[in-house]
Amino acid sequence: MGGLWSGQGVLRRKPIEQIEETEGGSGQLTRVLGLGQLTAIGVGGIIGAGIFTLAGTVASGKAGPAVLISFLIAGLASAAAALSYAEFAGLIPKAGSAYTYGYAVLGELAGWFIGWDLLLEYTAIVSVVAIGISGYASFLADSIGIDLPAWMLGAPGTGEGHRVDLFAALLCLLIAYLLTRGIKSAARAETVVVVLKVLVVLIVIVVGFFHIKTSNYEPFFPFGLSGAFTGAATVFFAVFGYDAMSTAAEESKDTQRHMPKAIVYSLAIAMVLYVLVCLVLVGMQNYKEIDGESGLSSAFASVGLGSLADVIAIGAIIGILTVMFTFMLGVTRVWWSMSRDGLLPKWFAKTHPTRHVPTRVTWIAGGASAVIAGFLPIEEAAELTNIGILLAFAVVCAAVIVLRYRRPELPRTFRCPGMPVVPALGVIFSLWLITFLEWQTWARFGVWFLIGLVVYFAYSYRRSELARRGAPEDAGDAQG
């Protein structure tokens, strides 16, 4: 046996040629998703709070009309990571996304920590989104005269009499239930909801276009160019989601051709809609008067179209609901992949005998997100997100550079353009955004990191499939 830091230790890598869906023998996923469904899942994960909440927040307090530039900057930065994900998706047709890519290129310990981070990040995102939807639902209930009891309207400490955010918790369990019914039926429902969401966004764009006043675009940079960049750091978290979608690689009919296209298409569609909504938002109402929490509603009310406010609120609920679906899909597939690889107990990798989905981890993830959503304020839940996603982006962008030069002969159905500049920009931008995170976020990440370190060396290091099989010294470069 080699040393701890050798190719037989924590740096052992899984030979790419051996990464097949038949590994582990603990149940298989079913390849049923086509290009359209994959793209819908990606769009569903990207378009949500960014359009219905963040656009107004950034426009009113950080960037003004230059919120448009903020989204373009964030989109370009996200595209650098998306193109890196697309190359890996065409090369490694396996569930797990960034975890799998990191494991194959940078070694087991790097893969472990990316997977470990994503388990927390994706679960927290589901919870945060559920809390956001619950807020919209409470607003709608009030607007139609339904008086809900205070105990069920929020987590303890968020308001008088609040004991639990019941609606948010139930939403998490509902999404878990939907995912356990089988990926084909779940993806079909997701596609229908995404189409409805896009229709609502298009209504906003078309109707709003006729009420634009060009004078509202002046001054375009009221907070200076730095305001646009600060806004970009804020809205960056509204332009990913394709990463969670890529965890469904083993449920795609033709992963190597469809997954790269779905990643690129979903980001492109989302960015076009984001830009058009921003143009309408700051064109309809002066940025100083935009409501930071309900920007679109306030903009339409300012031109006498308040009747559309409820429609927009319903669209927000629909739009944000699809984000929950995408990220819960992501956490369950990462968890399942780690378990199949032996880094977590194989018990979690069992799939349903007829539906062929990992029902065990789905219900556990659903329950965990329900607890977070029900009993934590949205600010505390949100602080559990972000850092793991950015680290995953940095790892994937770095790994695509490493693998391009280490294994140039591997067949790639999609090649990241501008190598190595484009992925390098993805690394730089991701690390730069990490510096904007609060110290509390780093503290929580540190605790989760230490727990993961203990779990890895106490269990995963000796029980992983590579450890059991005896990884060759240069496993990562083995020729299968």
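## Exercises on a predicted model

Proline 420 sits in the loop between α15 (387-406) and α16 (421-434). The model is predicted. Work through each exercise with the structure open.

**Exercise 1. Find which peptide bonds to proline 420 and proline 219 are cis or trans.**

Step 1. Start at proline 420, in the loop between α15 and α16. Look at the bond that joins methionine 419 to proline 420: omega is near -5 degrees, and the bond is cis.

Step 2. Move to proline 219. This residue lies in the loop between α7 (183-209) and α8 (224-235). The bond from glutamate 218 to proline 219 has omega near -10 degrees and is also cis.

Step 3. Set this against the general rule. Most peptide bonds are trans.

**Exercise 2. State the sign of phi at histidine 356, and locate the residue.**

Step 1. Find histidine 356 in the loop between α12 (309-340) and α13 (359-375).

Step 2. Read its phi. The value is near 55 degrees, so the sign is positive, and the residue is not glycine.

Step 3. Recall the usual case. Most residues other than glycine have a negative phi.

**Exercise 3. Classify the packing of helix α3 against helix α4 from their angle.**

Step 1. Locate the helices: α3 covers residues 67-91 and α4 covers residues 98-106.

Step 2. Take the angle, about 75 degrees, with the axes 11 Å apart.

Step 3. Apply the cut-off. Angles of 65 to 115 degrees count as roughly perpendicular. Therefore α3 is roughly perpendicular to α4.

Step 4. List the residues that meet. From α3 come Tyr85, Phe88 and Ala89; from α4 come Ala98, Tyr101 and Val105.

Step 5. Sort them by class. The contact has 6 nonpolar residues, no polar ones and no charged ones.

**Exercise 4. Work out which helix gives the most to the nonpolar surface patch.**

Step 1. Name the members: Leu170, Leu173, Leu174, Tyr177 and Trp363 make a patch of about 480 Å².

Step 2. Place one of them. Leucine 174 is in helix α6.

Step 3. Count by helix. Helix α6 (residues 166-180) gives the most, with 4 residues.

**Exercise 5. Describe the salt bridge between arginine 404 and glutamate 87.**

Step 1. Recall the principle. Side chains of opposite charge can pair when their charged atoms come close.

Step 2. Check the distance from N to O: 2.6 Å. The cut-off is 4 Å. The two side chains meet in a salt bridge.

Step 3. Trace the chain. Arginine 404 is in helix α15 and glutamate 87 is in helix α3, 317 residues apart, so the pair links distant parts of the chain.

Step 4. Give the total. The model has 9 salt bridges by this rule.

How values were computed. Residues are numbered from 1 along each chain as its sequence is written. This is a predicted model: local features need pLDDT of at least 70, side-chain atom pairs count only at pLDDT 80 or more; totals for chains, interfaces and linings use all residues. Side-chain values use heavy atoms; hydrogens and water are left out. Axes are lines fitted to C-alpha atoms, for helices over the stretch in contact, and angles run from 0 to 180 degrees between N-to-C directions. Helices (H or I, at least four residues) and strands (E, at least two) are DSSP runs, numbered from the N terminus. Angles under 35 degrees count as roughly parallel, over 145 as roughly antiparallel, 65 to 115 as roughly perpendicular and the rest as oblique. Contact means heavy atoms within 4.5 Å. Ala, Val, Leu, Ile, Met, Phe, Trp, Tyr, Cys and Pro count as nonpolar, Asp, Glu, Lys and Arg as charged, and the others, Gly among them, as polar. Patches are made of residues with over 30% relative accessible area and no salt bridge: like charges are joined within 9 Å, nonpolar side chains (Val, Leu, Ile, Met, Phe, Trp, Tyr) within 5 Å. Accessible areas come from the Shrake-Rupley method with a 1.4 Å probe; for residues, only the protein chains shown count as cover.
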